Amino acid sequence: ETPTVGLSPSLQPVQDEDVSTEAGEGVDEWAAAKTLVKPPDQLELTEAELKEEITRILTANNPHAPQNIVRYSFKVTYKPISYVDQMAVHFSLNGNMIPKDSDEGRRQSIRLSTAAGSHCSIFLQAAGEEEAGDSGTAEAAETAETEEPPPSGGKEQKLANQFNFIERASRTLNNPMQWEIYDAYVEELQKMERSKEKEKSKAQVPKREEEKKKGRKLTSLESQSDDITKISKAAKIMERMVNQNTFDDIAQDFKYFEDASDEYRDHEGTLLPLWKFQYDKTKRLAVTAISWNPKYKDLFAVGYGSYDFLKQGQGMLLLYTMKNPSFPEYVFSSESGIMCLDFHNDHPYLVAVGFYDGNVAIYNLKKATSQPSYKSSAKSGKHTEPVWQVKWQKDDMDNNLNFFSVSSDGRIVSWTLVKNELVHTDVIKLSVEGTTMQGPEGLQLQTLGCGTSFDFHKKLDNLFLVGTEEGKIYKCSKCYSSQFLDVFEAHHMAVDSVSWNPYHLKVFISCSSDWTVKIWDHTIKTPMFIYDLNSAVGDVAWSPYSSTVFAAVTTDGKAHVFDLSINKYEALCTQLVVAKKKNKITHIQFNPVYPVVIIGDERGHVTSLKLSPNLRRMPKEKKGQEVKKGPEVEIAKLDKLLNLVRDPESKAGK
């Protein structure tokens with residue numbers, strides 16, 4: 001039979017059961033039974049049309065490939081692309097065939113041959129045993145002895161004793177060989193040569209390019225090699241350990257020392273100097289701002305700039321930890337002097353900063369860059385005068401970060417971080433009453449007050465105080481942008497600092513260059529307490545542990561610590577912190593947890609001091625009675641003092 005596989009049913013020949021086996025007859029029958037089947041939509045062509053020759057040229061070009069691609073070029077604006085990929089892949093299959101000549105192929109063939117040899121040896125051994133058993137003759141036994149046994153598949157590996165540590169350590173299976181050590185050394189040398197070549201090429205860069213890159217200075221971590229960054233954390237811990245050993249006596253004093261002589265003093269206390277923080281590049285800059293980190297209680301940020309109008313230059317932001325007084329944890333440099341800074345309470349890695357040139361910025365400590373993550377500009381509505389204070393606020397309705405700033409230009413501005421940009425909104429303008437002047441063409445010109453400091457209420461988010469250069473303190477609200485809630489005729493010179501009490505909701509404190517510190521009740525226009533410190537007061541701060549303790553620093557280099565519950569008239573401690581006459585103290589801050597204050601001066605130094613027991617005296621425990629502690633006790637303690645001051649006034653009024 002002739003095969004008819006692959007033919008359609010219409011083309012298959014119909015054959016009888018008794019078919020001849022001769023080839024000739026089968027072929028004729030197949031040819032006779034073949035019929036042509038035309039599709040219904042085939043064109044009916046004439047003989048002339050069928051005989052006509054139509055030439056077709058086959059090319060390797062893909063008819064579906066685009067022919068008119070145009071790309072943008074920086075040299076020529078738009079440039080047509082001449083080369084187009086014409087290859088069209090219809091089918092691809094990754095095979096698993098390995099060439100015999102390749103390394104993998106040789107290894108596989110050796111593996112197969114060894115496996116086959118082991119099978120053969122086992123089969124031959126079994127066959128020899130059967131023959132010896134069947135024959136039982138001596139000749140067969142002799143032949144079996146003379147035959148050599150086939151080679152075994154391999155030697156049995158000795159299992160290492162997992163519990164014998166001497167043996168495990170002496171094994172060289174996993175230990176590096178000499179050539180591996182040599183290769184590692186060669187690789188290290190090549191790396192060093194490459195880094196040297198990079199430094200040489202950097203040195204040959206023209207001065208123009210260097211000036212462009214000034215704004216993009218890399219931090220110390222970025223400029224180091226990859227190997228050093230891997231061990232940077234371990235090196236930092238080692239540095240802290242070495243410092244703790246070096247300054248062991250100071251660390252012991254910080255942790256354990258309590259001045260026993262306080263018992264023999266009449267309520268007076270002392271400040272024990274601890275570490276001194278200084279950095280080479282900040283020697284000619286003044287400490288303009290200090291702030292403790294809300295999460296890490298040993299970490300604090302220091303802003304550097306200059307209060308002298310004629311000596312303005314670059315600024316720096318450093319972050320120190322009490323664990324390492326010899327070198328700062330973070331270093332950021334800026335083109336303009338830093339005047340103020342503030343940590344975010346919920347995101348302690350964000351630092352808001354105000355500059356002398358009127359700009360504000362946000363630094364992100366998580367990012368390894370020396371530049372701020374976000375910064376204002378003249379286009380985005382920066383201040384026209386130095387920014388004297390910045391304060392973070394709660395996130396807005398859309399959960400965007402925002403902070404406030406006050407400046408000498410008389411504007412209090414709210415900055416909101418929207419889509420990686422700082423957007424400003426003027427909250428209030430400090431217009432001074434009675435200063436409206438008639439300008440040209442009937443315009444009314446009003447003098448704006450110069451804001452120097454501000455502070456937000458601890459509970460009422462909308463309420464805040466603003467101190468000015470004129471000596472006035474304005475009580476303002478976020479809800480009213482055109483008027484003040486109250487105006488306090490507070491000081492005769494600029495208000496350097498104003499701060500709400502952390503416990504009592506009505507009390508705030510202010511200090512000024514007119515030598516005075518004043519404590520106020522915001523519902524009363526006159527101050528509750530006035531203290532004259534015989535020198536311009538640079539800064540004042542409430543303590544976090546008591547509602548009646550505060551500290552102030554003066555330009556004559558002294559620190560003053562008061563406790564109203566013990567002495568309402570004089571400071572418990574007045575101590576010289578800076579000895580040199582040309583140096584002045586600028587700022588003071590209490591640590592939120594430890595009995596420590598940090599004080600900054602005009603030479604760029606930050607000194608930490610420990611408060612003696614008399615300066616942080618707590619109520620004594622009586623037998624059988626529990627000492628009440630908490631905010632309610634602190635509020636009651638301050639209220640009692642305020643009532644003593646208010647009572648004579650109320651009696652006189654009657």
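Strands here are DSSP runs of at least two residues, numbered from the N terminus. Everything below comes from a predicted model.

**View 1. Tyr78, a strand residue that is part of a nonpolar surface patch.** Strand E2 spans residues 78–80, and Tyr78 sits in it. With a relative accessibility of 58%, Tyr78 counts as exposed, because the cut-off for that label is over 50%. Val70, Tyr72 and Phe74 join Tyr78 to make a nonpolar patch of about 560 Å² on the surface.

**View 2. Helix H11, with a buried side and a face turned away from it.** H11 runs over residues 248–256, and Ile250, Ala251 and Phe254 are buried in it. These three span an arc of only 100 degrees around the axis, so they end up on the same side of H11. Residues three or four places apart in an α-helix point the same way, because there are 3.6 residues a turn. Look at the face turned away from the buried side of H11 and you'll find Asp249 and Tyr256, both exposed.

**View 3. Two buried cysteines, Cys340 and Cys476.** Cys340 has 5% relative accessibility, so it counts as buried. Cys476 comes in at 0% and is therefore buried too. As for disulfides, with sulfur pairs required to be within 2.5 Å, the count is zero.

**View 4. Residues 488–521, listed as a WD repeat in an unreviewed UniProt entry.** The "repeat: WD" label is taken from that UniProt record. In the model, this span is 59% strand and 0% helix. Its end C-alpha atoms lie 11 Å apart.

Terms used: Residues numbered from 1 in each chain as written. Predicted model: local features only at pLDDT ≥ 70, side-chain atom pairs only at ≥ 80, totals over all residues. Heavy atoms only, no water. Patch = residues over 30% accessible without salt bridge, like charges linked within 9 Å, V, L, I, M, F, W, Y side chains within 5 Å. Areas by Shrake-Rupley, 256 points an atom, 1.4 Å probe, with all protein chains shown as cover. Salt bridge = Lys/Arg side-chain N within 4 Å of Asp/Glu carboxyl O. Helix = DSSP H or I, 4+ residues; strand = E, 2+ residues; numbered from the N terminus. Buried < 20%, exposed > 50% of the residue type's maximum accessible area, 1.4 Å probe, protein only. UniProt positions renumbered as here; feature names shortened; annotations may be inferred. Arc of directions from axis to C-beta.
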